[in-house]
Amino acid sequence: MTHKLQGNVHESNLFQSKTTIWWITFSLLCGATFLTRYYKVLEPDHVCWDETHFGKMASWYINRTFFFDVHPPLGKMLIALSGKLSGYDGTFPFEKPGDKYDGARYQGMRLFCTTLGALVIPLTFLSIWEMTKSLEATFIGTLLLLCDVGFMTLNRYILLDPILLFFMSCSIYGCFKVSTLTNDGLLPFSPRMLSWQIFLGTSLACTMSVKFVGLFVVLFVGLRTVADLWNILGDLSKPVKFTITHLIVRTLTLIVWPFVLYVFFFWIHLTVLSKSGNGDGFYSSGFQARLEGNSLHNASAPRVLAYGALVTLKNHRTGGGYLHSHHHLYPAGVGARQQQITTYTHKDENNRWQIKPYNRERVEGTVVVRSGDLVRVTHAPTGRNLHSHRERAPLTAKHLQVTGYGEDGVGDANDVWKIVISGGKDGEEIQTVRSKLMLVHYLQACVLTTTGKQLPKWGYEQQEVSCNPNLRDKNALWNIEDNVFDDLPKVSFESYASGFLERFYESHAVMFQGNSGLKPKEGEVTSQPWQWPINYRGQFFSGSTHRIYLLGNPVVWWTNLAFLIIFFLVYIINSIKEKRAEAFGVSRQVGEGSLLLNAAGWTFIGWALHYIPFWAMGRVLYFHHYFPALVFSSMLTGILTEYLLSSVRSYLSPELGKTAYHCIIGVVISTTVYSFYLFSPLAYGMSGPLASEPNSTMAGLKWLESWEF
Amino acid sequence: MDTGRCVKNRKINKIRKEVTEPQEYSYSEKTCNSHREVGDGAPAENETEKPELMLTNKMNHSPSRIYLQLKIDVIAIGLLILALCTRLYKLDEPRHIVFDELHYGRYVSLYTKGVFFFDAHPPLGKQLLYLAGSIAGYDGNFTFDRIGTPYTDNVPVKALRLVPAVSGSFLVLITYFLMLELSLHQWTAILAALLVLLENCFLAQSRFMLLESIQILFGLCGVYCIIKSTKRIGLTALVWLCAAAVLLGCCFSHTHGRTCWLHSHAHVYPVRYADGRGSSHQQQVTCYSFKDVNNWWIVKRPDQASLAVSRPPDAIRHGDIVQLLHGITSRALNSHDVAAAVSPQSQEVSCYIDYNVSMPAQNLWRVDIVNRDSEESTWDSIRSLVRLVHVDTGSGLRYSGRQLPAWGFHQHEIVADKVLSHQDTIWNVEEHRYTKADDRKERERELVTAEMIPTAVTQLTFWEKFTELQYKMIAHAPDAPHGHMFASEPAEWPLLVRSIAYWLSPDSNAQIHLIGNIVTWYTGTISVVVYSALLAIYSVRKRRACEDLPPFVLNKFYETGYTLFLGYWLHYLPYFFIDRTLFLHHYLPAYIFKILLLAYIMDHIYLVLQLHEKTKHVTNLFILCVTIWLSYIVLTFKKFSVLNYGNVDLKENDLMSLRWKDTWDFILHKKI
């Protein structure tokens, strides 16, 4: 690494010694990082916390079976890749936390994650250095992160977080590197500039493809880029064209390129997972036709729907099931005592329905059903008609009840439905899979829908089907999936199978729905954002004899918290000073102080971007969501410590100032390291009695009532 | 430096000559000078605008000469009259409950009867309604049961609706003054006022017992005062600022805070719930939001037979085991391993009835004082926050936040919950008195009589109440019914995707909808886009040190325009983070800022066109365009006003011709 430092020839010696010190510090921190991270990394040899999920998913990738998850694929694919390369065969079930690995080769995956997690520390070092060019600030900021027990714990297991944090740190580093190069006046197309920008773009794409919270770092880089461009624009010695070139290059490297990569990762994901698995039901018929082993794969059916055909109707709601009925009645007190109609996510003979004209039992020949036709829908195994009437639905009071009524297809006028293609014209042919259908009840003018609510035991916990008087119900769309009719030529389902872009789009719809569906259950104690910065409550990773508890090093966390407040004060004081200076016509101070403050400002923005949005989120939140913000917060503390110390130093005599400065730095370093030593059992494993007992190894360290170790 | 401005001032005054007295001249000269000190470059409109009595004591003349100047702004009066005409026209039609009149009307009834109640909104708006009602002699004897019920003769519909209608009319006026105060051209101010006047959604919102128009009026008045205060110095500024604070305080809206009292009554849980689960069939325990004699409970030690307080009083401390007896029915608070009615994951809480089935009483509760100073703390009324932990199961008495169905009189559910750390498990004693009598009948009488006598006010300070209310507002957004037919998403508002049906006549297709004037609505949305684009362009040009526009135009663009732009987003953006059922009328406060911004953009374009010789002749064209556009707005307003007045029976064809977007749902009675 070389760094541009403008200096005279006399200073070259000083410069030489400075670089030596820099290298010593850097290698010292790296050494300490790897030492602390790899120590006892393979213990405990059982499944810890969310390893149960991500290990399972890695196995699915290795076995190529399709599954559904709320996160984008890159992190899990990398875990799977590392597992595959290190000899894991994908057979371990990862059933629940605490299961012994018993010879399953989990080591490769864990080491991979730990390595990526460890690399965050050197990257943080480089980022702070890039921002401040102050070794003290860099050292303190990095040391805080290094000595945080929680950060270490989170980065040592088969989880997405180490991967996410790694790519995030790459992005932060790349972003500040690009901004330094811009300030140095590098041309937009110079190879150095271009390669760093591509590095940044790649890191952004990877961050986004691990978890959607990567979006916050994208926003951060976006803001930083806008600031850079604004600075270039303000340089009146350069033409506007120069800014525009910069803008174009950045659009290409930071927007287009990452997007292409992101899509590419999904392409790998969808190509690798080619076999049918437990995630099929979440996806549409077209999607399923792509999956080997799924009943729709390589199947064939008539292209259009004809009267008399036996069909299954799949609801279009994400994760929606098939229209279903069975030989059981609604219990007394739940509307009319007629046969239950539900949706059911599994394939079953009871999902079959027959379409008939509303006034006849059968038609001669092949008559195609068209949009706007009046039909009756008869449940094939029981011969009851799909029926609705003025009774409230079992769970949703505002909807009407839907029942199976009649004998052998003979019912009453309330069995008549109008079949309509959503967004189509009257008279259009109804196609298998492709057409989105609405079934509108002819007399009650309501639409057949599923509310997604689970029926109680009497309904076998299948989902409620009802008739909604509000015809704008988004869940009221159905499509024909199976279509059995012998007199029409069959076409291969291949033609219905979704293309890549459709599947890409659908995966996202399903993921977003899954994410917003992660609502806290009633009575569940959830972690709340206000608890995070104060390190209020941790999370058990492993129980029993080898207890591991994810909890921040309180010294580090509370210092960080204090410095966030200090930053706020410093910022206000500085703004007032500047405003007054401006009023008196004094130019703004330029120098190390303002450089540090500027850097502190950016890290503060980074922290806020990674923390504040969680307040507005409705989904379930966990303690570990705070760790990306912690990276920024630690950087801020490092930078601000240096800023405050040098401010104080400037008020003291040089001798005294130097002594005080070094003393304080010494105290900071030793306190941090000692607190790490004290709390390290949280990460390396505790055994014996809990900390509240006097004979525990952790006795006296339970500083907050809410900590559970 | 300010001569140019003085000239400009005079020009404006010339335009205004028709509306003001000619002796204005000398005065406006003077203001122009005084304005130079403030240096805001604002033309001096403030003397001409209000129909006000001005007592001017000119110091340079002899002090004995006192002038009485009466100045009337004819334009303002005209606007107000127009507004009143549209807003007050056939105000008592329809004589039915329209939309949220259901809620607000109910509150007015409660006020009139003097019943204490809790509600989601702070009281000012309802108090105004109540005031109007009581002046008109409303006796409070009307149950607002559902939308569409006809009013009986004792309800002074006209008077009750008068408050919002007058507020809605003054909204037009304040728009006019606000725009003038923002140093915009008088024609711009008139345009803005006309746009508000000709906006169907404000018309609909002003004609019924709804609070939005009052709220928006106070809000705009507040903004007006703030702007006035920043333009003045010294005491006047302070006075205006205080006025602004008061007005903004008045418009403060939407708080939620449901406090309720532990309650029981002589009704039992139904044997079976609607979903088939069984209950204990014991006496219901609920949480009731109204003060009631059934909210009284007697705390006693389990081993003590007497219910009267011993001498000296035996104080209950942290950790003590107690029983709670319901004052009126004398049954003990009980919990057992039976799933609660609405929250089956928690235990049911009941008042124990011995049915002689193998279900023993489990009525011991441990007192856990949450904010205790020591382990020996006593249970103090008001101050102590207590958790009541059920001894047999270790569950805590908790308010579940859900409503019971009709069998529970829609009161709130009380459960015993395993999770003790929840905020809703914390209770406090609000009022207490010592039981004197041992006899049950006597006790009952004691309670009932005591209830009628107003007791001492609880000792919570204003700030404690305030913080509690704010906390609850944040923490307990109520479970509003999702999927309401006319609910809409914030993202749909700028394009007016949905309307809200307010009322449908029972015997014709006359109906009332909240729907905007779509021409204004769309141009408003465009104006936001235009402003953002201009903002970006001007900033970039400024960064490159290119000065295209004279500073006074730019300053106005940044200050005036930005105030309105910010006002719009501040009233709009937060809704994206609210996890509640939202309706179009939530957009109205933001929308009024949008209309102002729209008028400002027109003003800005006009100014920019005027700047250069080349574009000067285009201004006439521009004015022509604006006129055509305005007349189009008038026509649209007139066409859609049938949906505001609800006095015309609409045929299917009429409705179809009004359905300009296929996402708008109007209602048709079914043909029989």
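**Entry 1: B:Lys90 and the α3–α4 loop**

I looked up B:Lys90 and found a relative accessibility of 39%, so this residue counts as partly exposed. The model is a predicted one. I placed B:Lys90 in the loop between α3 and α4 of chain B. I then read its backbone: phi is near 45 degrees, a positive value in a residue other than glycine.

I continued to B:Pro94, which lies in the loop between α3 (74-88) and α4 (101-113) of chain B. I checked the peptide bond that joins B:Glu93 and B:Pro94 and noted that it is cis, with omega about -5 degrees.

**Entry 2: B:His281**

I next turned to the loop between β3 (261-268) and β4 (283-288) of chain B, where B:His281 is located. I recorded a positive phi of about 65 degrees for B:His281, although this residue is not a glycine. Its relative accessible area is 29%; since the partly exposed class runs from 20% to 50%, I entered B:His281 as partly exposed.

**Entry 3: B:Thr520**

I located B:Thr520 in helix α13 of chain B, which covers residues 518-543. Its relative accessible area is 0%. Buried means under 20%, and I therefore entered B:Thr520 as buried.

I asked which residues B:Thr520 touches, not counting those up to four places away in sequence. I found B:Leu195 and B:Glu199, then B:Tyr591, B:Ile595 and B:Leu598, and also B:Ile633.

**Entry 4: helix α9 of chain A**

I compared the end-to-end distance of helix α9 (residues 214-234) of chain A with the expected span. At 1.5 Å a residue, its 21 residues should span 30 Å. I found the end C-alpha atoms 30 Å apart, which agrees.

I also listed the buried residues of α9(A). Among them are the aromatic positions A:Phe216 and A:Phe220, together with A:Val217, A:Val221, A:Leu229, A:Ile232 and A:Leu233. The list of buried residues also includes A:Gly214, A:Arg224, A:Thr225, A:Ala227 and A:Asp228.

**Entry 5: MIR annotation on chain A**

I consulted UniProt, where an unreviewed entry lists "domain: MIR" for residues 302-358, 366-422 and 427-483 of chain A. I examined two of these spans in the model.

For residues 366-422 of chain A, I noted 0% helix and 44% strand, with the end C-alpha atoms 24 Å apart. For residues 427-483 of chain A, I noted 0% helix and 44% strand, and a distance of 20 Å between the end C-alpha atoms.

How values were computed: Residues numbered from 1 in each chain as written. Chains lettered and ligands numbered in written order. Predicted model: local features only at pLDDT ≥ 70, side-chain atom pairs only at ≥ 80, totals over all residues. Heavy atoms only, no water. Helix = DSSP H or I, 4+ residues; strand = E, 2+ residues; numbered from the N terminus. Expected span 1.5 Å × (residues − 1). Buried < 20%, exposed > 50% of the residue type's maximum accessible area, 1.4 Å probe, protein only. Contact = heavy atoms within 4.5 Å. UniProt positions renumbered as here; feature names shortened; annotations may be inferred.
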